[in-house]
Protein chains: 2
Amino acid sequence: MLTEVTVGQLRKIVGEANFRNDPESLIAHSYDATPMVQALPDGVIYPSSAEQVSAILRLCNEQRIPVIGRGAGSNLCGGTVAVEGGIIMVMNRMNKLIEIDQSNLTATVQPGLNTKELHMAVEALGLFYPPDPGSMVVSTIGGNIMENAGGLRGLKYGTTKDYVIGLEAVLPSGEIIRTGGKLYKDVAGYDLTKLLVGSEGTLAIVTEAILKLLPAPKYKKTMLAMYKDINQAARTVSQIVGNRIIPSTLEFLDNPTIRVVEDFNKIGLPLDMDAILLIEQDGGDETVVANDIEQIIRICYEEGAAEVKVAQNAQEADKLMLARRSALSTLARIRPTTILEDATVPRSRIADMVTEINRIAKKYNLEICTFGHAGDGNLHPTCPTDARNEDEIHRVEEAFAEIFDAAIQLGGTITGEHGVGLVKAPYLEWKVGTAGIELMKSVKRAFDPNGIMNPGKMFAKQSRKRVVVQR
Amino acid sequence: MLTEVTVGQLRKIVGEANFRNDPESLIAHSYDATPMVQALPDGVIYPSSAEQVSAILRLCNEQRIPVIGRGAGSNLCGGTVAVEGGIIMVMNRMNKLIEIDQSNLTATVQPGLNTKELHMAVEALGLFYPPDPGSMVVSTIGGNIMENAGGLRGLKYGTTKDYVIGLEAVLPSGEIIRTGGKLYKDVAGYDLTKLLVGSEGTLAIVTEAILKLLPAPKYKKTMLAMYKDINQAARTVSQIVGNRIIPSTLEFLDNPTIRVVEDFNKIGLPLDMDAILLIEQDGGDETVVANDIEQIIRICYEEGAAEVKVAQNAQEADKLMLARRSALSTLARIRPTTILEDATVPRSRIADMVTEINRIAKKYNLEICTFGHAGDGNLHPTCPTDARNEDEIHRVEEAFAEIFDAAIQLGGTITGEHGVGLVKAPYLEWKVGTAGIELMKSVKRAFDPNGIMNPGKMFAKQSRKRVVVQR
C-alpha cells in the first residue's frame, strides 16, 4: 500500500491525472496476456520523460516500492504482473519515433512506440526493422526490448537484441545512463546494451533506444509444403539450411494446429496432412529469390512432401501467411484458456522435440497443438484448456515441465523468445544451473541493490525439482 | 611473488612442464602487441582443460593471485600485460576445433584455436565465419571473444559478438558455467554470453565457444575509388549506404597512408590523391554483386571520384586488398614506435572526424596517418613515433586524448574494436559517464568479488580530466 504522502509525491512528479489508484485502473493493470496470473498493483503511473522516470525511481528506491515497467502488456510470461505489489509504470506517453537517420541507418525511438508503427515508418523509406513478434500490432518497442522479442524472421535476421545498438536507461537509483550510440562497433566497457535487452524490467527502465535498420529486401516469395509424415518436414528444414539456403521464414504447423486453423479460416489447408511448412524467401534480386524457392521446392519433394503450393501473388502469399499468423488466435478460440509455450531446441532436433511433445500430451491426456519457427528451432506447443478445471490444469503443468525438461535434454532451452518472467522462473535453474542463477542474481544486485525492479520475476523463490524422465 | 608452495600447487594441477617462472618465460609474456606497456608476471601457466582452469582459478582466488588470460597476445590495448603481477594463463593447449555442425550451422571451438584456421576449416565446407580482425593470422578465437574483435566486414556482417551464441566459462570461484547453446533464440535469464564477449578477461575465462556460421557468399568483387578531396570520399560512403547498398567491405586510406603503403608495396597507388576507398561486395549471385558494384561506381563518380579501378580477377583483387591489409605493418616500418588507435564515429561523421584528426596532428606537430573501416565509422588514426623521444610521446598522448574527445563529441566512442584494456582505461568515463563506470564496476564485482581477473584493466585508478577543446 502507498501512503497518501507517497501518492502526493508521485502526483507531483507526473501531474495529477498521470498517477491512478482507482479500482478500475488497478484491475485493468492486474494482468497481462499471460493466462492465470493476476495481482493488484498499488498504483499506475504514466511518465512522459526520462527525468520523470528518474524522479519516480529515486522515490520508489528510497521507499522500497516495487516498480514494474509496462508497454502493451502483451508478454506471455507474466512479466508485468505486480506479484509483490508496487507501481505499474506504463510507457505509452513516451511513444515518439524521434528520428530515422538514413545515412547511419538507425531509428531513435521512445519505448512506448508501437512495433507495427515503426515497421510502417521505416518501410515507407525503403528500410527494414526485422523483428516481428506475433504481438507486433499491439506491442511496443520498449516491451520488445525488455523481452528480447523474436518472431518469424529470426532464422535469417535475428531477434530484437541484434538491432538495439544504443540505449538511454534509468537505474533504480535515478541515475540516467547512456549506452552505445549510432555505432556498429563500440567496445568501450561491458556491453550494457545487450545486457539490458531481455532483462525483463528487472534492472532498469529504458527511456530511449537507437535501433539498427537494414535496406528493405525488394522481393519476396511465399510457399507451403505439405507432409504426410512429420519427420519428412523436419528433415526438409535441416536439408534447406544444409543446402546453404537461409529462408526469411521457415514455419511449422502440426496436424492438430492445421485442423483448428482450417476449421476457422477456411483457407483450403489439407486436414489429412501430418505437418505443413510455410516458407518465405526475400532478397534484393527477383531471380535470386526465385532460384532459392525453386531449390527449396526440389528439396521439399526429395524429402517426401505430398504437395507444394507457391503463392502467385501478394494476395495468395498473405493467405498462406494467415495460416501461421492466425494460429495462436485461432487456437485461443476453442477453449477458455490457452497455454502457449516456447521450448526451443537446435534446429536439427525439431522432429525429436515434436515427437516428445506428442508423447507427453498423450501421457497426460491433453490436446497439445504445436506450431512455430522451425528454422530456428523455436516451437510453440500450445494447450487449449480451462483454468476452472483444476485436475486438467495440474496435468497441463506437469506436461509442460516435462516438455521443458525434454527441450533441455535435446540441447535446447526453456524459452526462446517469450521470457522467463513469473511463469518460467521455477525452471530457469534447469537451463542455467545453480552457478548461473547465483551469477545472474549478483548481476541483478549490481543494478538494483534494493530489489525494487519488477521483483518476483526471473528468479523463483524455489526452483522446481527436476523429474528424471523415462524415455 | 608466488610462494614455493603455490608454485607446487599450480604444477600439480597442470603438470611440471606447464607452469613456468624462469626469466625467459616471464619476459616473453611481459608484453603484448601494444607499444610502451610492459610488466613482468610471476608465472605463466598452460592449462589443457576446463577442469584445470577451474582448479587454477579456485586456488588463485583463495590466494588473491591475479590471473590474466592470454591467446596470441595480439591485442592493441595492453589487455594482457600483468600490471599487478600474477599469472598469465596461456590458452594455446586448448586449441581444438571440436565440431562443425552443418545442419545447425555452428562451430564448437576451444579458445586457443587460431582465427585463420577456423576460417579455412569452415570455408572448405562452403561456410563462413565473418569476423576478420587485422591480426587473424596469429590471433585466437578466445582473444577475439574477450576483445569482441571486429575487422573489415563489420558493416555488413557485424563483429565477433554477433557470432558467439554459447559459451563454457570458468568463474574466479572455479565454478564452470554454460551459457546459450546451438540456439538462435534463447531468453532464459540475462544474456551472459554477450556480456562475456568483450569483457577483456576481467570476468571469467572462456574454455569453449559455440559460434554461429553463415553460408559462404559465392561471389566477390573488389574495387578502388580515388579522390582528390577527402570530403568526396566521405560523402561517397554515406551515399552508398543511403542508396540502400551495404558492401561487405568499405575501407578508407588517407593520403599519408597511401604514400607510405605505396612506397613499400609498389602497387601503383596514386600519390597525389587525398583519399582512397577500397570497396568489396559479396553475395550468392554473380549478377547481383555486379549490379551493386556498377551502382557503387556510378555513385563514386557522382561524388567526384577522380578514378575508379575494378579488379578483373582474384589476383587483382588481392593486390587491391593488400593496400589496406598491409597499412598497419607498413606504417610500423617507418619509425620505431607505432601508436594505432580506433576512435569510432557514426558513419555520417567520418569526414568531420578526419578533419579533426588532421587539425590535431598539425596542432601537436605530429604525423598521423588515418585508415580504417569507413563503412562502420571505425577509423584507425596511426602515429609513427619513437618511444625514446619523451617530448614527442607526450605530444602523441595529448593528441590522442583530443582525438578521443572529438570522437565522443561527434557521437562516437573511444574504441570501436581494440578494447579499453590498460591504455584507454583513463578515457572510459568520457564515453560511459560516472554512473556507467560505477555500474560496470558493480557488474565486475558480481563476477569477481576479489578482483583477481585481469586487474588494472578497463577501470583506471584515475580517469583523465577532459579538456574543453576550442573548435
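**Contacts and cores, argued from cut-offs**

Me: How many salt bridges are counted between domain 1 of chain A and domain 4 of chain A?
Reply: Zero. This is a predicted model. A salt bridge needs a Lys or Arg side-chain nitrogen within 4 Å of an Asp or Glu carboxyl oxygen. No pair between these two domains is counted under that rule. Polar contacts between them, with both residues at pLDDT 80 or more, also come to zero.

Me: What makes domain 1 and domain 4 of chain A a contact, and how many residues does each give?
Reply: Contact requires heavy atoms within 4.5 Å. Four residues of domain 1 and seven of domain 4 take part. The two domains of chain A bury about 450 Å² between them, with 79% of it on carbon and sulfur atoms. On the domain 1 side, A:Pro35, A:Met36 and A:Leu76 supply 89% of the area buried against domain 4, more than any other three residues. The domain centres, taken over C-alpha atoms, are 32 Å apart.

Me: What makes A:Asp186 and B:Lys431 a salt bridge?
Reply: Their closest N and O atoms are 3.7 Å apart. The limit is 4 Å, so the pair qualifies. Across the interface of chain A and chain B, the rule finds eight salt bridges. It also finds 30 residue pairs in polar contact, both residues at pLDDT 80 or more.

Me: How is the size of an interface often given?
Reply: As the accessible area lost when the parts come together. For chain A and chain B, about 6,000 Å² is buried. Carbon and sulfur atoms give 63% of that area. The contact involves 79 residues of chain A and 79 of chain B.

Me: How do you know whether A:Cys77 is in a disulfide or in none?
Reply: Two cysteine sulfurs must lie within 2.5 Å. Over all chains, the count is zero disulfides. For A:Cys77, the nearest cysteine sulfur is that of A:Cys383, 19 Å away. A:Cys369 is in no disulfide either: the nearest cysteine sulfur, again that of A:Cys383, is 8.2 Å away.

Me: Why is A:Cys369 called buried?
Reply: Its relative accessible area is 0%. Buried means under 20%, so A:Cys369 passes. A:Cys77 is also buried, at 0%.

Me: Which residues have the most contacts inside the largest nonpolar core?
Reply: A:Met353, A:Leu428, A:Phe447, B:Met353, B:Leu428 and B:Phe447. That core has 199 residues. Beyond its neighbours within four places in sequence, B:Phe447 is in contact with A:Leu439 and A:Val443 in chain A, and with chain B residues including B:Leu171, B:Pro172 and B:Leu203.

Definitions and conventions
Residues numbered from 1 in each chain as written. Chains lettered and ligands numbered in written order. Predicted model: local features only at pLDDT ≥ 70, side-chain atom pairs only at ≥ 80, totals over all residues. Heavy atoms only, no water. Buried < 20%, exposed > 50% of the residue type's maximum accessible area, 1.4 Å probe, protein only. Core = buried A, V, L, I, M, F, W, Y, C linked by side-chain atoms within 4.5 Å. Domains from an automatic or database assignment. Buried area = accessible area lost by both parts, 1.4 Å probe. Polar contact = N/O pair within 3.5 Å; in protein donor to acceptor, adjacent residues only side chain to side chain.
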